[in-house]
Amino acid sequence: MAIQQMTMPQLGESVTEGTISKWLVSSGDKVNKYDPIAEVMTDKVNAEVPSSFTGTITELVGEEGQTLQIGEVICKIETEETLNAEETPEKQEASEPKETEAADSPAANNQSSKKRYSPAVLRLAGEHGINLEQVTGTGAGGRITRKDIQRIVDSGVQQSNTPEPQTAEAAPQQAEKKQPSQPASAAGDIEIPVTGVRKAIASNMQRSKTEIPHAWTMMEVDVTSMVSYRNSIKDAFKQKEGFNLTFFAFFVKAVAQALKEFPQMNSMWAGDKIIQKKDINISIAVATKDSLFVPVIKHADEKTIKGIAREISDLAKKVKAGKLTADDMQGGTFTVNNTGSFGSVQSMGIINHPQAAILQVESIVKRPVVMEHGMIAVRDMVNLCLSLDHRVLDGLVCGRFLGRVKQILETIDEKTSVY
């Protein structure tokens, strides 16, 4: 027999933690490899976590509602696997340092990763005014884990880990940081608990706005011919294919085509370099009642309008059924957001980190437009609003890219094939 540890898996790019929303097993239950054991929420996906082993659940380490960083233990499983000869139970037990001996072990002297703080550690330390410089980490390379911080919080002596202010002027500032003011509820107010998904979304959006220098630009597009063409074939298409031919599929296809012609737009900031991605994978925003998910249409440039429409339909169904997988959320290189579905006509999107741009497709509205020779006609018009990471992209390439999207959309008519 051997005790195996299940850890919080990586459920998407840039995801650093997950919240256990529901356990599907109990201590003592027998499970097979790949059986779902828990439902986990992140800012990008709700997913079932499968067991990595066949055996018996001995301990549920994580609690429902608890947020754990990637790699932290969520449960333990007793298996019938035989340990390797060189890894006897005695050696395995000896390799697990006791807390009282941690300071004397060679691993404790290795502090190469001490200052590599996870978002969960930074948040918890900030909430309780803990000075991370004075915390001894028990993780690999001296890394400080969430459990290290929680241990200090539970002990009730976390203030002793905070250095005294060097000057009288600094004291009020540090006190203010330790105890940030929060709005108070009044009679009749409704307090809504912040879920793990909402916390993760808030953290990701804050990171995007603080790290990325946002700029934005907008163009209006005459999609009269496209609207007329789509409306003329939508019923026959639905009857034949079994899913809707939406306007959004035309927009995503136009963006994918333009990204192929302007590959700079399909890039990411990586600190000391810019990575221009080979694959064109379009992230699309899909909203539920209380959450926002961003699944990905892989290799969108290689798909027809029909193929894109099918993927939009399939991904939307998965979101509503809570069946999105980690793979559905990974690999996005550029985001297209259908804000027009809510009636919006102009907006600036927050970039989906680590991508370099996001395009908002606004509502298609009928407006009087001055045509050639001064004639006025009622046309179907739409605004395309592009937010860009100014570290990666400049106005020139963004203007040309958006102009190309506009050109593609304005030339869609009855001669355009959706297949």
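A residue is called buried when its relative accessible area is under 20%, exposed when it is over 50%, and partly exposed in between, as judged with a 1.4 Å probe on protein chains only. By this definition Phe334 is buried, because its relative accessible area is 0%. The model that contains Phe334 is predicted, so its local features need pLDDT of at least 70 and its side-chain atom pairs count only at pLDDT 80 or more, while totals for chains, interfaces and linings use all residues. Residues are numbered from 1 along each chain as its sequence is written, and side-chain values use heavy atoms, with hydrogens and water left out.

The chain as a whole provides the setting. Its secondary structure comes to 11 helices and 19 strands; helices (H or I, at least four residues) and strands (E, at least two) are DSSP runs, numbered from the N terminus. Of the 419 residues in the chain, 42% are buried. A contact means heavy atoms within 4.5 Å. Among contacts between residues at least 6 apart in sequence, 65% join residues at least 24 apart.

Phe334 belongs to strand E16, which covers residues 334-337. Its C-alpha lies 6.7 Å from that of Asn281, although 53 residues separate the two in sequence. When neighbours within four places in sequence are set aside, the contacts of Phe334 include Val255, Leu259, Asn266, Asn281, Leu359 and Phe401.

Asn266, one of these partners, is situated in the loop between helix H8 and strand E10 (267-269). With a relative accessibility of 1%, Asn266 is also buried. Beyond four places in sequence, Asn266 touches residues including Leu259, Ile275, Asp279, Thr333 and Phe334. Its C-alpha and that of Leu393 are separated by 10.0 Å, and the two residues are 127 apart along the chain.

Another partner of Phe334 is Phe401, a buried residue of helix H11. H11 comprises residues 395-410, 16 in number, and reaches 22 Å from its first C-alpha to its last, close to the 22 Å expected at 1.5 Å a residue; the expected span is 1.5 Å times one less than the number of residues. Together with Phe401, the buried residues of H11 are Val397, Cys398, Leu402, Arg404, Val405, Ile408 and Leu409. Seen down the helix axis, they fall within an arc of 155 degrees, so they line one face of H11; the arc is that of the directions from the helix axis to the C-beta atoms. An α-helix has 3.6 residues a turn, so residues three or four places apart point the same way. On the face of H11 turned away from the buried side are the exposed residues Leu396 and Arg400. The buried residues pack against strand E9 (214-222), helix H7 (224-241), H8, E16, E17 and strand E19 (376-389).

Helix H4 (residues 146-155) also has a buried side. Its buried residues are Arg146, Asp148, Ile149, Ile152 and Val153. They cover an arc of only 165 degrees around the axis, which puts them on the same side of H4.

Attention now turns to open space. On a 1 Å grid over the protein atoms alone, a pocket is an open set of points where a 1.4 Å probe fits, with protein on both sides within 12 Å along at least five of seven lines, and its lining residues have an atom within 4 Å of a point. The second largest pocket has a volume of about 1000 Å³, the volume being the space filled by probe spheres set on the points, which are joined across faces, edges and corners. Of the 40 residues that line this pocket, Ala285, Val286, Ala287, Asn337 and Asn338 are the closest to its centre. Helix H9 (305-321) is among the elements that each supply at least two lining residues, as are H8 and E16. H9 gives the largest share, six residues.

Some backbone features remain. His353 and Pro354 are joined by a cis peptide bond, with omega about 10 degrees, and Pro354 is placed in the loop between E16 and E17. Tyr34, which is not a glycine, has a positive phi of about 80 degrees. This residue is in the loop between strands E3 (30-31) and E4 (36-41), and it is exposed, with a relative accessible area of 62%. His299 likewise has a positive phi, near 50 degrees. Its place is the loop between strand E15 (296-297) and H9, and His299 counts as partly exposed at 30% relative accessibility.
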